[in-house]
Every structure is written in structure tokens, then in C-alpha cells.
Amino acid sequence: MMRPDPQRGAALLSILFIVAALAVAALMATMAITQQTAMAKAATRRADAGWAAYSAEALALSAVAEMSVLTNGQLTPLTVGLSQPVVLPLRGGVVSLQVNDASNCFNINALANPDEGAATYARLYWATLLRDLDIPATDASSLANALADWVDADSNTRQGGAEDGYYLTLSPGYRAANQPMDSPRELASVMGYTSPLRKALAPLICARPETQMTRLNINTLRPDQASLLRAFYSEALTLTAAERILMDRPDTGWASVDEFEALPDIRTIPEGQKQTEALSTLSTTYLAEGQTTLDGGSWPFSFIISAKGGSAPETIWRRMGEE
């Protein structure tokens, strides 16, 4: 009887190990190639989505130019091209775009205005908006000061406000931005601005690159934005009256601010309680936003377009992708 050769068994075992190692290496190589292919496809889709967004921006600039020429900035809810969704086909998807009047919002960065008088007025206006959301006056003042502390350049804490000393006690801790916001979503980091409060404020606010308050266009202001109008009349105009005025607005709008202020609810308000210079029937700033939907993915974009003094519209701010 022949005895098994131990060397043959060891060789067979070595071969099995080599085969197993090669199989694992092949599997890893296949997975790496698959992953690299997927990443390359994703990068291509992002690039395609980016080019589609730039094309949408060009379309928005063209639409704003046409609206500016046809209306001389005198927009109304009936203006062709305003607030009307446009959907364009794209190989493998679509691009959707909508252009809106960007005048009618409270610019939260106005609280960072280097002119203390203007910044103080912005805080008072902001507190009025908060009170219209049934927030008690003391709390509204504290919330206004907390926001001012967040966006202003210094580290001095206002009454009821918050600076680094508060935010560093949180877990995880962080510092106050001490600079204007890029998006209203940053309110989530500011003391006291809860999710329900931010949701309630969303239709009323914006974050513009400048630190001036926006001028409201009374011809495109929506009834759900009546608080913005009321705040310019030192609360002498009731919220109910402001809503009614906007719902009863003529289809073609008011020809001038003077015509608007001749309304019964407005003309009885004392001059000292009016901020007439903050109202207009003209629009010079537009918000274009939409998204590219491509191969099951979605890439949002938004642009702020300025069209002032008859000059060609230009993009003054853009965002590609999620905030």
C-alpha cells in the first residue's frame, strides 16, 4: 500500500489558496471598476445638470429682459412670464424653471446694516412681523436682537440676544456667524428660531447680498404676505385690512403709490406712521429657481437677477445644488 505524498497535498493546498486569492482579487477589481464607473456616470450627470442650469439661467435672463421691456418694471400678477412654470425637455430628463418678483420679502440681512439707524428700524420691523405670528412683544424683541447679534459684525450681546457665550454652551458648540446670511435656512442656528417659527416666516423672508431692506411692490404682493405691508404702517393698519386690500387689488394693479395711499384704509393713517418710500409699483429684482431632473436624479438651482435703470439684466447671486 502506497502512503500519500505530503508534498502533493501541500501543493494542492497552495494552489487552492492561490485560486481563492485570485478570485478575491478579481472580485475586488470588479467592485472597484463598478464603483469607478458609477462615480464617472454620477460626475457626468452632475456636469450635464450644471450645464442645463446655466442654460436655464440664460433663459431666465432673457425672460426678465422681455418682461422689463414690455412692462417697464410695472409688474402685476397678470404679467406674462411671471410666476409661470416652464418645463423644457432634456435628453434623459427635463429642466423646470419659474421666474418670480423678488421684491416682496423682508431681507433678514437688513439687521446687519452698518447704519445703526437703518439697522434699528429693521429690528423694529422684524419684531412687528414676529408679533403678527402671535409671539409676545418681549419675546419678539429678544428674537429680533438674537438675529441682529448673529448677523452683525461685532460680538456685543444685545438684551435678550446671543453671541458666542451662549452658542458655545450647546452640544455641539459653535460660534455666532457675525456676518450676513447666505440663506434663511441659517436661522436654524440662531437662538429661539424653532422649526415651526421658521416655517411660519418662510413666505415673508429672504437673504439678499446687500444689507438694505427691500422695497415692496404693492402690485405683486400676495395676501399671505400682508404682514410685510402692515409693518410699514407702524401697525396702524390692521392685518385684516391689509389682507383685504391685497385681495381687492385691481387686476391691472395700482398706477402709483399715491393711488394706493388714497384708499380709505390708508389715507386716514397719520403721516408719521407711514413709510411710503418703502413701497413701489416697480420691480427691479427677480428670483429664478427650478431644478434639473436627469436619469432619476434632481439638482435644484436658483438665481437672483437684477434689472435696474433700463440696463441689461444680470445675475447678482446664484446657487447650484442643495443649500
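Is Trp51 buried or exposed? In this predicted model, Trp51 is exposed, with a relative accessible area of 62%. The residue sits in helix H1, which spans residues 6-71. Together with Tyr54 and Met320, Trp51 makes a nonpolar surface patch of about 360 Å².

The overall composition was examined next. The secondary structure comprises nine helices and nine strands. The protein has 323 residues, of which 40% count as buried. About 17700 Å² of the protein is exposed. Carbon and sulfur atoms supply 58% of that area. Among contacts between residues at least 6 apart in sequence, 61% join residues at least 24 apart.

Nonpolar side chains in soluble globular proteins tend to be buried together. The largest nonpolar core of the model has 53 residues. Within this core, Trp126 and Tyr193 touch the most other members. Six helices are listed as giving two or more residues to the core: H2 (116-131), H3 (137-151), H5 (195-201), H6 (226-231), H7 (239-247) and H8 (257-261). Helix H3 provides the largest share, eight residues. Tyr193 illustrates the packing. Residues up to four places away in sequence aside, Tyr193 touches Trp126, Leu130, Leu143, Ala144 and Leu147. The contacts of Tyr193 also include Leu187, Ala188, Arg198 and Leu201. Another core, of 17 residues, lies apart from the 53-residue core. Its members include Leu75, Val95, Leu97 and Ala288.

Leu97 also belongs to a strand pairing, where Val86 stands opposite Leu97 in E2. Strand E1 covers residues 86-90 and strand E2 residues 93-101. The two strands pair in the antiparallel sense over five bridges. They form a hairpin with two residues between them. In the turn, Gly92 has a positive phi of about 90°.

Charged pairs were considered in turn. The structure holds 12 salt bridges.

One of them joins Arg123 and Glu116, with the closest N and O atoms 3.5 Å apart. The two partners differ in exposure. Arg123 counts as buried at 13% relative accessibility. Glu116 is partly exposed, with a relative accessible area of 45%.

A second salt bridge is formed by the side chains of Arg175 and Asp164, at 3.1 Å from N to O. This pair links distant parts of the chain, 11 residues apart. Arg175 lies in the loop between helix H4 (164-167) and H5, while Asp164 lies in helix H4. Arg175 counts as exposed because its relative accessibility, 55%, is over 50%. Asp164 is buried because its relative accessible area, 19%, is under 20%.

In a further salt bridge, the side chains of Asp182 and Arg319 meet at 2.4 Å, N to O. Asp182 lies in the loop between H4 and H5, and Arg319 in strand E9 (residues 314-320), so the pair ties together parts 137 residues apart in sequence. Asp182 counts as partly exposed at 38% relative accessibility. Arg319, at 13%, counts as buried.

Salt bridges also occur as a network. Arg131, Asp132, Arg230 and Glu235 are linked in this way.

The surroundings of Pro203 were examined last. Pro203 is placed in the loop between H5 and strand E4 (205-206). With a relative accessible area of 34%, Pro203 is partly exposed. Pro203 is in contact with Arg222, Asp224 and Gln225, leaving aside neighbours within four places in sequence. The C-alpha atoms of Pro203 and Phe106 are 9.5 Å apart in space. In sequence, Pro203 and Phe106 are 97 residues apart.

Conventions:
Residues numbered from 1 in each chain as written. Predicted model: local features only at pLDDT ≥ 70, side-chain atom pairs only at ≥ 80, totals over all residues. Heavy atoms only, no water. Patch = residues over 30% accessible without salt bridge, like charges linked within 9 Å, V, L, I, M, F, W, Y side chains within 5 Å. Areas by Shrake-Rupley, 256 points an atom, 1.4 Å probe, with all protein chains shown as cover. Salt bridge = Lys/Arg side-chain N within 4 Å of Asp/Glu carboxyl O. Helix = DSSP H or I, 4+ residues; strand = E, 2+ residues; numbered from the N terminus. Buried < 20%, exposed > 50% of the residue type's maximum accessible area, 1.4 Å probe, protein only. Core = buried A, V, L, I, M, F, W, Y, C linked by side-chain atoms within 4.5 Å. Contact = heavy atoms within 4.5 Å. Pairing = 2+ DSSP bridges.
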